[in-house]
Amino acid sequence: MSVDLVGFLGVVLVAYVVPGPDFLVVVRSATDHPAKGRAAALGAQSGLCVHMLAAAIGLSVLAARSPVIYDAIKLLGAAYLVCLGVRAVLAARRSARRRRAGHETPAHAQGFDAPPPAGDDTARSRWRSGFTQGFLTNVLNPKAALFFLSVLPQFVHGDASPARQIFLLGILDVLLGVAYWFALVTLAARLHTLLARPKIRRRWEVTTGWLLIGIGVGIAAA
C-alpha cells in the first residue's frame, strides 16, 4: 500500500491530542479507577471500529449525505454527553449535601453514590460502565465518521482497493489510539490520590460535568 504513512500518523496524533469528548470521558474514568479508564479507552476505540467498518463499506457516505441521519446521530451523541454531565453535577451536589449533613462516608466521597458491591462484581461493573461510556461517546459522534470520510481518503492510493486501504489505515488508527489512551490513563490515574479528598473530588466532578454539558450543547448547536 503506497501511502504517506508519516503524514497519516501526524494527522492521527494531532486528532488524538486535541481534547474532545473521548478525551474527557477517558480522563474522568481514569481518575475514578485505572481499570475503568482503560475500559473507556477500549470502548472509544471499539466505537471507532464501527465508524471504520461503516466507511469501508460505504454506510458513512450515506449518513454524511443525508442530513436527517447525520442530525439524528449528532443529537443522540450530544444528548448522551449532556446526560453524563448532568449526572456528574447532580452526584457532586448530593455528595456535598451528605457532607454538610454529616452522613458522607469515604466510599461516598469517592463515588458520590451508594457504595458499590465488593469483589468481582465491582470490577465487572467498573469495566462495563467505562466501556459503555467510551463506546457510546465515540459511536454517537458523527465527527468520528467524517474523519474516515474526509481525512483517510487523502492517504488512499488510487491503484488499490479503497475499502481495503481505509480498513488497514483504520486499524492502524485504532491501534495508535489504544497506545495513546493507555498512556493517558496512566498519567490521569495519578490524580486519584489528589482527588481522594472529597472537596477536590466534588469540584473535579462539577467541572468535568459542566465541560461535558458544554461539549454536548456545542455539538447539538453546530
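## Lys36, a buried lysine

K36 has a relative accessible area of 13% in this predicted model. That value is under 20%, so K36 counts as buried. K36 belongs to helix α3, which covers residues 34–57.

What does K36 touch, leaving aside residues up to four places away in sequence? Its contacts are S29, R126, S129, G130 and Q133. K36 also forms a salt bridge with D32. The closest N and O atoms of that pair are 3.2 Å apart. D32 has a relative accessible area of 26% and is partly exposed, whereas K36 is buried.

## A second salt bridge

How many salt bridges does the structure hold? There are two. One of them joins R28 to E205, with the closest N and O atoms 2.6 Å apart. R28 sits in helix α2, while E205 sits in helix α11 (residues 198–221), so this pair ties together parts that are 177 residues apart in sequence. Both R28 and E205 are buried.

## Helix α2

Helix α2 runs over residues 21–32. Its 12 residues should span 16 Å at 1.5 Å a residue. The end C-alpha atoms lie 17 Å apart, which agrees with that expectation.

Is α2 mostly covered or mostly open? It is mostly covered, with 10 of its 12 residues buried. The buried residues include P21, L24, A30 and T31. V25, V26 and V27 are also among them. So are the charged residues D22 and R28, along with S29. Two of these names have come up before: S29 is a contact of K36, and R28 is the salt-bridge partner of E205.

## The nonpolar core

In soluble globular proteins, nonpolar side chains tend to be buried together. Here the largest nonpolar core has 34 residues. Within this core, F148 and L152 have the most contacts.

Which helices each supply at least two residues of this core? They are α1 (5–17), α2, α3, α5 (67–101), α8 (142–150), α9 (162–189) and α11. The largest share comes from α9, which gives seven residues. Helices α2 and α11, linked by the R28 and E205 salt bridge, both appear in that list. So does α3, the helix that holds K36.

## The cysteines

How many disulfides are there? The count comes to zero. A disulfide is a covalent bond between the sulfur atoms of two cysteines. C49 has a relative accessibility of 24% and counts as partly exposed. C83 is partly exposed too, at 39%.

## The whole protein

The protein has 11 helices and zero strands. From the N terminus on, each element is therefore an α in the order of elements. Of the 222 residues, 40% are buried.

Contacts across the sequence are frequent in the count that follows. Among contacts with a separation of 6 or more, 84% are between residues 24 or more positions apart. The accessible surface of the protein comes to about 11500 Å². Carbon and sulfur atoms account for 68% of that surface.

Conventions:
Residues numbered from 1 in each chain as written. Predicted model: local features only at pLDDT ≥ 70, side-chain atom pairs only at ≥ 80, totals over all residues. Heavy atoms only, no water. Disulfide = S-S within 2.5 Å. Buried < 20%, exposed > 50% of the residue type's maximum accessible area, 1.4 Å probe, protein only. Helix = DSSP H or I, 4+ residues; strand = E, 2+ residues; numbered from the N terminus. Expected span 1.5 Å × (residues − 1). Contact = heavy atoms within 4.5 Å. Areas by Shrake-Rupley, 256 points an atom, 1.4 Å probe, with all protein chains shown as cover. Salt bridge = Lys/Arg side-chain N within 4 Å of Asp/Glu carboxyl O. Core = buried A, V, L, I, M, F, W, Y, C linked by side-chain atoms within 4.5 Å.
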